[in-house]
Amino acid sequence: MKAYISLLLLLLSGCSIHTERTLNTDSTNSETSLPNTVLTKLKWHHGAQHCDASQEAAHDIYQHDASTYIIRQSKCLTYEAPFIYVLVGQQAILVLDTGALGEDTSYNLYQTLEKLLGKKQLSDKELLVIHSHGHSDHHQGDWAFDNQPNTTLIRPSKTALHAYFKFQRWPDEQALIDLGGRALTILPTPGHQEESLSIYDPKNKWLLTGDTLYPGYIYIKDWNAYKYSINKLSQFAKDNAVSAILGAHIEMKNIPKQYYPIGSTYQPHESYLDLDVTQLHMLNDALHTNQAPTELVFDRFIIKPMSLFQKTISNLARRFKD
């Protein structure tokens, strides 16, 4: 969610007239249970009680295999602490999201990739930068890719997305990106935000969902669009093997149904990152049961419809950005 409206959404959350429903779900993430995760990294840098005195690095990097990386930006530098995904193929490299640290900071994501992947690999391969959606905490790092060689940067706008992927019937379609031995499926999944999309990586059988689904407090702008998108992902996961659902944030605690509020810069007992496909199907079932916008509380995420006033603020911010 955009940093400049997220605090407004927090303050105005009490204005929602929607009802709340707590789902009776099996807890897979209590403090006493073993985590059900495909990642070997169970704990990320989670901020500090006193960020001014913290020595925490600007980012935390996880290498899943020789060609797959996940970068999390520091909560002491941005409370959003978004996750960035780097997928390497034989001919091209995909970067999903560029994070919340802009040109006014000392953080340069392109230079991070140079150190991570090597300058030679970046010069030998095409670099494609896309976004899970258009909120600013996912594209503030775009500046570092401007005018870089062999780099295509797709801005997180409807015009740019449709032009690059040749979408004609958004969101009733999908696209493919071939990185060379690694063909990714691009799935439009609006609802949280108008230009939201998800990516399926068959190499690791990961479904990368941005802010559409992650262990956190997820605001939904368009309820019907979100129902459509979750149903699409659920059906896709029935037709394709999905080992993990990986989103763009962690906001939940490692106690079922408990979360850290917006603005938290210290999350010492946070949940792990990935969700499993059964939780996606469970969400889809609940959305079909609840025709009207309703707050749905699961063990590892919470679905929260925006109020009319919140949508108005979001639309104004969107118009200002455009």
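Here are a few friendly notes on the sheets, helices and unusual backbone spots of this predicted model.

1. Ground rules. The model is predicted, so local features need pLDDT of at least 70 and side-chain atom pairs count only at pLDDT 80 or more, while totals for chains, interfaces and linings use all residues. Residues are numbered from 1 along each chain as its sequence is written, and side-chain values use heavy atoms, with hydrogens and water left out. Helices (H or I, at least four residues) and strands (E, at least two) are DSSP runs, numbered from the N terminus.

2. The six-stranded sheet. An open sheet of 6 strands has the order β2-β3-β4-β5-β6-β7, with mixed pairing (two strands pair if DSSP finds at least two bridges between them). β2 and β7 (151-153) are the edge strands, each pairing on one side only. Direction ignored, neighbouring strands here are turned by 15 degrees against each other on average. Angles, by the convention used, run from 0 to 180 degrees between N-to-C directions, and axes are lines fitted to C-alpha atoms, for helices over the stretch in contact.

3. Both edges of that sheet. At one edge, β2 (residues 59-65) and β3 (residues 68-73) run antiparallel and are joined by 6 bridges. The two strands form a hairpin with 2 residues between them, and Asp 65 has Thr 68 in β3 as its bridge partner. At the other edge, β6 (residues 126-130) and β7 run parallel, with 3 bridges; Val 129 is partnered by Leu 153 in β7.

4. A helix across the sheet. α2 (residues 109-117) lies across β2, β3, β4 (83-88), β5 (92-96), β6 and β7, and runs at about 140 degrees to β3. Contact here means heavy atoms within 4.5 Å.

5. The five-stranded sheet. The order is β8-β9-β10-β11-β13 in an open sheet of 5 strands, again with mixed pairing. β8 (175-178) and β13 (244-247) each have a single partner strand, so one side of each is left without a neighbour in the sheet. From one strand to the next, the twist averages 25 degrees. β11 (residues 206-210) pairs with β13 in the parallel sense over 4 bridges, and Gly 210 has Gly 247 in β13 as its bridge partner. Helix α5 packs on this sheet, touching β9 (183-188), β10 (197-201) and β11, and its direction makes about 150 degrees with that of β9.

6. Helix against helix. Which residues of α5 and α6 meet? Among them are Trp 223, Tyr 226 and Ile 230 in α5, and Val 277, Leu 280 and Leu 287 in α6. The axes of α5 (residues 223-239) and α6 (residues 277-289) come within 9 Å and cross at roughly 140 degrees. That makes α5 oblique to α6 (under 35 degrees counts as roughly parallel, over 145 as roughly antiparallel, 65 to 115 as roughly perpendicular and the rest as oblique).

7. A long-range salt bridge. Asp 65, the hairpin residue from point 3, also meets Lys 203 in a salt bridge (2.8 Å, N to O). This pair links distant parts of the chain, with Asp 65 in β2 and Lys 203 in the loop between β10 and β11, 138 residues apart. The whole structure has 10 salt bridges, each a side-chain nitrogen of Lys or Arg within 4 Å of a carboxyl oxygen of Asp or Glu.

8. Backbone spots to look at. Most residues other than glycine have a negative phi, and most peptide bonds are trans. Ala 81, in the loop between β3 and β4, has a positive phi of about 40 degrees. Trp 170 and Pro 171 are joined by a cis peptide bond, with omega about 0 degrees; Pro 171 lies in the loop between α4 (158-165) and β8.
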